[in-house]
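Me: I'd like a close look at one single part of this fold, please. Pick a place where two elements pack together, describe it, and then show me what lies around it.

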Amino acid sequence: MVFRRREQQPYWKQGLRFLWPKGGWGRAARYIRHRLQRLPDPPDKIARGIFAGVFMTFTPLYGLHFFLAALLAWVLRGNIVAALMGTFFGNPLTYVPIAVVSLQTGHWILGDESDPEDHRWVGDKFAAAGRDLWDNFVAIFTSDRADWSDLALFYDDVFFPYLVGGIIPGIVTGLICYYISLPLIRAYQNRRKGIIAAKIAAMKAKKQKQADGNASAD
């Protein structure tokens with residue numbers, strides 16, 4: 001392949017790049033902001049897309065955030081590209097606080113009693129559920145017996161409270177991002193229109209000056 005690395009990076013380095021991209025998360029955030037500001041749609045449509053992307057990061061539906069954010073943006077008549085970029089609000093630096101807030105809110109809404117210290121091991125619970133799902137899949141083709149008890153426990157303790165609890169903080173955070181991004185995108189687009197208009201006016205003035213010079217020479 002033309003663009004393939006000559007030397008494949010080791011897995012530990014790939015994992016490090018996932019947790020901390022080259023240039024840092026600040027540079028990545030500036031790049032995303034730059035790309036959002038240059039989208040051609042009206043500011044309110046772009047901001048609705050950002051809301052959709054940010055909101056979806058508060059759901060436990062990992063692996064589906066892109067698809068669901070695009071679907072929600074389509075329903076809200078928002079910009080789909082902005083929605084996809086908005087999902088980067090969920091990253092290795094924010095997933096833990098997002099999970100803790102969503103779980104605590106979910107247990108509060110459902111009236112469950114939960115140990116706040118237990119939320120520190122949400123990642124382990126997701127990993128355990130994934131292993132159980134794989135074991136049960138393998139059991140279809142082997143003599144092993146499928147056991148869904150651990151997955152049922154995961155659903156009751158983590159997934160459903162996370163799904164319910166992520167709605168309120170997801171809406172609140174999405175609205176905050178919406179109202180912050182809306183004036184910024186509008187100001188950027190207006191400034192960009194002014195720059196383009198000034199360049200067009202300068203080109204017209206230069207062309208007119210050339211035309212006047214040719215007329216006077218004749």
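Reply: Happy to! Contact here means heavy atoms within 4.5 Å, and helices are DSSP runs of H or I with at least four residues (strands: E, at least two), numbered from the N terminus. The model is a predicted one, in which local features need pLDDT of at least 70 and side-chain atom pairs count only at pLDDT 80 or more, while totals for chains, interfaces and linings use all residues. Residues are numbered from 1 along each chain as its sequence is written, and side-chain values use heavy atoms, with hydrogens and water left out.

Let's take helix 3 (residues 43–56) against helix 4 (residues 65–75). From helix 3, Gly 49, Ala 52, Gly 53, Phe 55 and Met 56 meet a set in helix 4 made up of His 65, Leu 68, Ala 69, Leu 72 and Ala 73. Sorted by class, this contact holds seven nonpolar residues, three polar ones and no charged ones; Ala, Val, Leu, Ile, Met, Phe, Trp, Tyr, Cys and Pro count as nonpolar, Asp, Glu, Lys and Arg as charged, and the others, Gly among them, as polar.

Now the geometry. The axes of helix 3 and helix 4 lie 8 Å apart, at an angle of about 140°; axes are lines fitted to C-alpha atoms over the stretch in contact, and angles run from 0 to 180 degrees between N-to-C directions. Helix 3 passes helix 4 in a right-handed crossing, meaning the near helix is turned clockwise from the far one by less than a right angle (anticlockwise would be left-handed).

The loop between helix 3 and helix 4 carries Tyr 62. The ring of Tyr 62 pairs with that of Tyr 162, centres 6.4 Å apart and planes at 85°, so the pair is edge-to-face. Rings of Phe, Tyr and Trp (its six-membered ring) pair if their centres lie within 6.5 Å; planes under 30 degrees apart are stacked, over 60 edge-to-face and the rest tilted. Tyr 162 belongs to helix 8 (residues 149–165), 100 residues away from Tyr 62, and the pair links distant parts of the chain. Tyr 62 is partly exposed at 34% relative accessible area, whereas Tyr 162 is buried at 0%; buried means under 20%, exposed over 50% and partly exposed in between (1.4 Å probe, protein chains only). Tyr 95 joins these two tyrosines, Tyr 62 and Tyr 162, in one aromatic cluster.

Helix 9 (residues 167–217) also comes into the picture, with Thr 173 in it. Setting aside neighbours within four places in sequence, Thr 173 is in contact with Val 54, Phe 58 and Phe 89. Thr 173 has a relative accessible area of 18% and is therefore buried. Ile 180 is in helix 9 as well, and its C-alpha is 8.8 Å from that of Ala 47, although the two are 133 residues apart in sequence. At 48% relative accessible area, Ile 180 is partly exposed.

Finally, the wider setting. The chain has nine helices and zero strands, and 33% of its 218 residues count as buried. Among contacts between residues at least 6 apart in sequence, 70% join residues at least 24 apart. Eight aromatic pairs are found in the structure, including the Tyr 62 and Tyr 162 pair described above.
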